[in-house]
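Reader: Hi! I'm new to this one, could you walk me through it?
Author: Happy to, let's look at it together.

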Amino acid sequence: MALGTDHLAALLPSDFTLGVATAAFQIEGAVAEDGRGPSGWDAFTHEPGRIAGGATADTACDHYHRMPLDVRLLAELGVDSYRFSLSWPRIQPGGKGPVNQRGIDFYDRLLDELLARGISPMCTLYHWDTPLPLERVGGWLNRDTAYRLADFAAIAADRFGDRVDRWVTINEPTTVTLNGYGLGVHAPGQAGLFDALPAAHHLILAHGLSLSALRAGGISGEAGITNVYSPVVGAKHGLAHDVLVELFDVLHNRMFSDPVLLGRYPSFNPVLKSFLQYLREIPDEDLAVMSQPLDFYGLNYYFPTRIGLGPGPSTGPDAVPDGLPEPLRQQGADLPFHLAGWPGYARTEFGWPVAPDYLPVALANMAERYPDLPPVYITEGGASFKDVVVPDALTNEPSVADVRRVDYLARHLEAALTATAPNGPAAGIDLRGYYVWTLMDNFEWAAGYSQRFGLVYVDFATQQRIRKSSFHWLKDLAALRRRDSGARTAAARAHTVSA
Ligand code: PNW
């Protein structure tokens, strides 16, 4: 069932990184074990009505106890790299002050397991699990949190800096700002779209300060940031749509990438400027910290955004995508725009459009806006679908034929590779790798366990792991790529010998 793996393997440069990604809070569980403190997300998940099905991440995939088995799955998959995140409250429960050695020990064991199997570690410092004591004093609305993350970065550099090949400072400042502080659908659950802007600034400042701290700590690997990017289009033509498209593009994309890559905030349309009073008071020194050169830029691409004028229809082809959490639908009623549907596009279980044709648009936009863009890794891409476990026809073992996920991944990987090839629309981008979100089904934030993104199916009642077809697909691709690049190396050697 190798859906185009031969074709894809032939497109893959021999040094291209194939990886899978996870995040600590979504998989680890063991939230009160071995000295871990609570995070803002622990508190949020225990508030009634916040998470689909009232789910918590108290156990999640129980990865904290099953880590060696999960690394064995990674090794079987044959991927080059594993992107994971450090749980800040496991390592520094107070968000400042003493280090919890048992937390350090867990990641020491993880790194050793990965390196023993030849899997290159990519480590995210911050994937949303702010220690609760810091959340209680304002979280990312408080500038001090940026300095606390930098201190944590120094600890990470000191303890793990000799074994991590790539560091991601912060995962998706956009999502933390908009979902956490703007719409309140993520922790800490505060609402106020334009009041959230200081959080954006402090997150990007924290990125810059952490980058400095990692480098000052003598890390042997590279360092960068990961941002989500969604190309924005108007549902219709016309001035009003153009203005709203720009508003959304600024708030979702450029607000977070311009300061890092250009050293300034976007120059706003005068209509928007009045919303953004706060940004006029930013000291130049902050922008210098935020825009230090990166070794690589991490891009998460899931889907494009289509903006409609006014509060949106709730049914019909132009309805807000199904996957949108209820608070966002409600919030939508107060906004001058809505997120429109994508007629003609298939949707994931989340309601997100399956749009591989917009990944080249995202990459081309990036190349155009940021001429000095460093090498790029797509640090996440993936899709949730309703997965069904059935006995395999031959072996009778439980199996999951997630053909739509295989199709999603194959088409997005192909789109990324062809877009960045010498004659592609994003030829200016030095694309180094693609990480599938995610290794195994896990705690999908506000959606709880209702959305499965994994290559591996997790039965949360028993913690049984079942390899899906997408797992076998990626495994085939990685194996084919190794064979092909082995053949290419042999051919090159033969050529050198005969010359
Ligand atoms: C990412 N969007 O979040 C996160 O990094 C993961 O932790 C998460 O599990 C995964 O995507 C799937 O949701 C996103 O609106 C949040 O474009 C929002 C968007 C995309 C990704």
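Author: We can talk through the ligand site, then some helix pairs, then a few backbone details. One thing to keep in mind is that this is a predicted model.

Reader: Great, ligand first. Which residues come nearest to the ligand?
Author: Those are Q26, H127, N171, E444 and W445, out of 16 residues around the ligand.

Reader: And how do the residues of that shell divide into nonpolar, polar and charged?
Author: Eight of them are nonpolar, five are polar and three are charged.

Reader: How far is the side chain of E444 from an oxygen atom of the ligand?
Author: An N or O atom in the E444 side chain sits 2.6 Å from a ligand oxygen. For W445, a side-chain N or O atom is 2.8 Å from an oxygen atom of the ligand. E172 joins in too, with a polar side-chain atom 3.1 Å from a ligand oxygen.

Reader: Nice. How much of the ligand's accessible area does the protein cover?
Author: On its own the ligand has 460 Å² of accessible area, and the protein covers 91% of that.

Reader: Back to E172 for a second. Where is E172 in the chain?
Author: You'll find E172 in the loop between strand 4 (166–171) and helix 9. Its backbone is worth a look as well: E172 has a positive phi of about 50°, although it is not a glycine.

Reader: Okay, new topic: helices. How do people describe two packed helices?
Author: By the angle between their axes and the distance between the axes.

Reader: So what are the angle and the distance for helix 15 and helix 16?
Author: Helix 15 (residues 359–369) packs on helix 16 (residues 403–419) at about 35°, and their axes are 8 Å apart. The crossing is right-handed.

Reader: Which residues meet there?
Author: From helix 15, L359, P360 and L363 meet H412, A415, A416 and A419 of helix 16. By class, that contact has six nonpolar residues, one polar and no charged ones.

Reader: What about helix 10 and helix 11, at what angle do they pack?
Author: Also about 35°, for helix 10 (residues 197–216) and helix 11 (residues 239–261), with axes 10 Å apart. Is that crossing left-handed or right-handed, you may wonder? It is right-handed.

Reader: You read my mind! Which residues are in contact?
Author: On the helix 10 side, L197, A200, I204 and H207 meet L251, M255, F256, P259 and V260 in helix 11. Eight of the residues in this contact are nonpolar, one is polar and none is charged.

Reader: Last topic: which residues does a cis peptide bond join?
Author: A187 and P188 are one such pair, with omega about 5°. P188 is in the loop between helix 9 (173–182) and helix 10. Another cis peptide bond joins W437 and T438, with omega about 20°. T438 lies in the loop between strand 13 (431–437) and strand 14 (456–459).

Notes:
Residues numbered from 1 in each chain as written. Predicted model: local features only at pLDDT ≥ 70, side-chain atom pairs only at ≥ 80, totals over all residues. Heavy atoms only, no water. Near = heavy atom within 4 Å. Polar contact = N/O pair within 3.5 Å; in protein donor to acceptor, adjacent residues only side chain to side chain. Areas by Shrake-Rupley, 256 points an atom, 1.4 Å probe, with all protein chains shown as cover. Nonpolar A, V, L, I, M, F, W, Y, C, P; charged D, E, K, R; others polar. Axes fitted to C-alpha atoms, helices over the stretch in contact; angles between N-to-C directions. Helix = DSSP H or I, 4+ residues; strand = E, 2+ residues; numbered from the N terminus. Left-handed = near helix turned anticlockwise from the far one by under 90°. Contact = heavy atoms within 4.5 Å.
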